[in-house]
There are 2 protein chains.
Amino acid sequence: MDSEMARARVLDAAEELFYGRGVQAVGMDEIRSASGVSLKRVYQLFPAKTDLVEAYLLRRDARWRADLARFVADGDSSRERILRVYDWLERWFGEPDFRGCAFVNSYGEMGAVSEAVARAARTHKELFQRYVAGLVADAGQPDRLAAPLALLAEGAITTAAISGSPEPARHAREAAARLLEA
Amino acid sequence: MDSEMARARVLDAAEELFYGRGVQAVGMDEIRSASGVSLKRVYQLFPAKTDLVEAYLLRRDARWRADLARFVADGDSSRERILRVYDWLERWFGEPDFRGCAFVNSYGEMGAVSEAVARAARTHKELFQRYVAGLVADAGQPDRLAAPLALLAEGAITTAAISGSPEPARHAREAAARLLEA
DNA sequence: TCCGGTGGAGAACGATCGTTCTCCACCCCT
DNA sequence: AGGGGTGGAGAACGATCGTTCTCCACCGGA
C-alpha cells in the first residue's frame, strides 16, 4: 500500500469517526484500527492529531461544496438552482449518519482553543456564502438576498441536526421562495 | 458559605468556563479554583461532571429565554415584538464573550456521546421555537411563518459565532420583516 | 475540656490518550 | 548471501483528568 493510499484510508477513517462522534471522543488508536494503517505510518503522514483534524476539515469542505454545486447545477433555471440548495440539504439531512455541519460541530468543540479549527470553519462558511451570492447574482436578484438565503440554510442545518428531522429544509425552501418573489 | 451559595458559585464558574472554552477543555480542578469551592464540596453538590454539565445547560436555558422574553416584551406592537427578537440577538452577538449558542456548541462536542446533552439541546431549541410561534400567533400572522423566523434566528446565531460579526442579526431582521409583509 | 462531625487542601489513584520507542520481519540492492 | 532501510505490532512514556482518599483544622454540644 503506497503512501497515497494510506493517506486516503486514514482520512476516510478520521472523517467517519470525527464527524460521527466528535474529534476529542476519538483516539488515534481507533483511527489506526479503523483505517488499517499502523500508528507509525499515521504519524509519518500527520505528525500530530491537530494536523489530521485540519486535513479532515479541508478535505470535507472541498467535497461538501463540490457535491452541493454538482447537484445544484442540474437545475433548469437560475431561480430553480437557488432553491435546489435546500433540496440538496433535505437529502443530506435524511442520510442516516447526518449529524449537522462538521464545521459548526468542530467549532463548538475546539474553536475556542484551536485557531486552526476556527479558521477552517470561518473559511468554509465564507465560501458557502460566496457561493450562494453567486447563485443570487446569476439569477439577477438583488445582492441583499444572499445573506438571508444563507442564514436560512445555516439555520436549517443546525435545526435538522438537533431535532433529527429533515423538515427544516422544506421550511427554509419555502421561505427562500417567498423572499425571491418580492 | 451555605450550600445554596456554593452551588451558585460552582454553576457560575462552570458556565463561564464551559461556555467560553468548551466542556471537555475544562477540568474539574479549574472549576474548583474559579469558584473557590473545594473539590470535595463540588462533588457533594454534583456527583459527577456530567451532572454539572446538565445543571449548567438547564440553568442557562432558563436564563437565556427569560432574558430574551423580557427584552421582547418591551416592544410596542405584536409585530414589533417579533422583530425585537433579532434586536436582542444583535446585542447578544456584540457581547465580548459571545461564542455562539451554548447548546449547539455542547451538542457538537458531546451530543453524539451524551444523551443528556442531546436532550438538553433539543429541549432548548424546541422551547425557543414554541416561543417564536407564540409571538407569531399573538401578531395574528399565519402559523407557517414561525418556522422560517426561527431558522433565521438560528442561522444568525451560528453565523455570528463563526464570523465574529453581529451583522447576521440585522440581515435576519430585515428578512423577517419582509416575510411578515406578505 | 473533650468529641464527633463537617469542611478544606491537596495528594493519590486509575484510566485514557497523544506520542515515541523497541523489536522484529521483510525486501530491495550489490 | 548479506545488509540497510522501510514498515508493522504493540509496549512504553508522560501528561491530563475525573474521582476518591488522607490528614488536619475548626466548631458546636455535653
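Helices (H or I, at least four residues) and strands (E, at least two) are DSSP runs, numbered from the N terminus. The views below show a predicted model, in which local features need pLDDT of at least 70 and side-chain atom pairs count only at pLDDT 80 or more, while totals for chains, interfaces and linings use all residues. Residues are numbered from 1 along each chain as its sequence is written, chains are lettered from A and ligands numbered from 1 in the order in which they are written, and side-chain values use heavy atoms, with hydrogens and water left out.

**View 1. Protein surface near DNA strand D.** Helix 3 of chain A gives the most to this surface, with three residues; helix 3 (39–45) of chain A and helix 3 (39–45) of chain B each supply at least two. The residues around strand D (near: a heavy atom within 4 Å) include Lys40(A), Arg41(A) and Gln44(A) from one chain and Val26(B), Gly27(B) and Leu39(B) from the other. Of the atoms of DNA strand D that come within 4 Å of the protein, 61% belong to sugar and phosphate. The surface comprises five nonpolar, three polar and three charged residues (nonpolar: Ala, Val, Leu, Ile, Met, Phe, Trp, Tyr, Cys and Pro; charged: Asp, Glu, Lys and Arg; polar: the others, Gly among them).

**View 2. Atom pairs at the phosphates of DNA strand D.** A polar side-chain atom of Ser38(A) lies 2.9 Å from a phosphate oxygen of the strand. For Tyr43(B), a side-chain N or O atom is 3.0 Å from a phosphate oxygen. Met28(B) instead places a backbone N or O atom 2.7 Å from a phosphate oxygen.

**View 3. Surroundings of DNA strand C.** Among the residues around this strand are Val26(A), Met28(A), Tyr43(A) and Ser38(B). Sugar and phosphate make up 58% of the strand C atoms that come within 4 Å of the protein. A side-chain N or O atom of Lys49(A) is 2.5 Å from a phosphate oxygen, and a polar side-chain atom of Arg41(B) is 3.4 Å from a phosphate oxygen. The side chain of Lys40(B) has an N or O atom 2.7 Å from a base oxygen.

**View 4. Interface of chain B and chain A.** Here 35 residues of chain B are in contact (heavy atoms within 4.5 Å) with 35 residues of chain A. The buried area (accessible area, 1.4 Å probe, that two parts lose on being put together, summed over both) is about 3200 Å², of which carbon and sulfur atoms give 67%. Zero salt bridges (a side-chain nitrogen of Lys or Arg within 4 Å of a carboxyl oxygen of Asp or Glu) are found across the interface. Helix 8 of chain B gives the most to the side of chain B that touches chain A, with 12 residues.

Terms used: A polar contact is a pair of N or O atoms within 3.5 Å; within protein, one must be able to donate a hydrogen and the other to accept it, and residues adjacent in sequence count only if both atoms are side-chain atoms.
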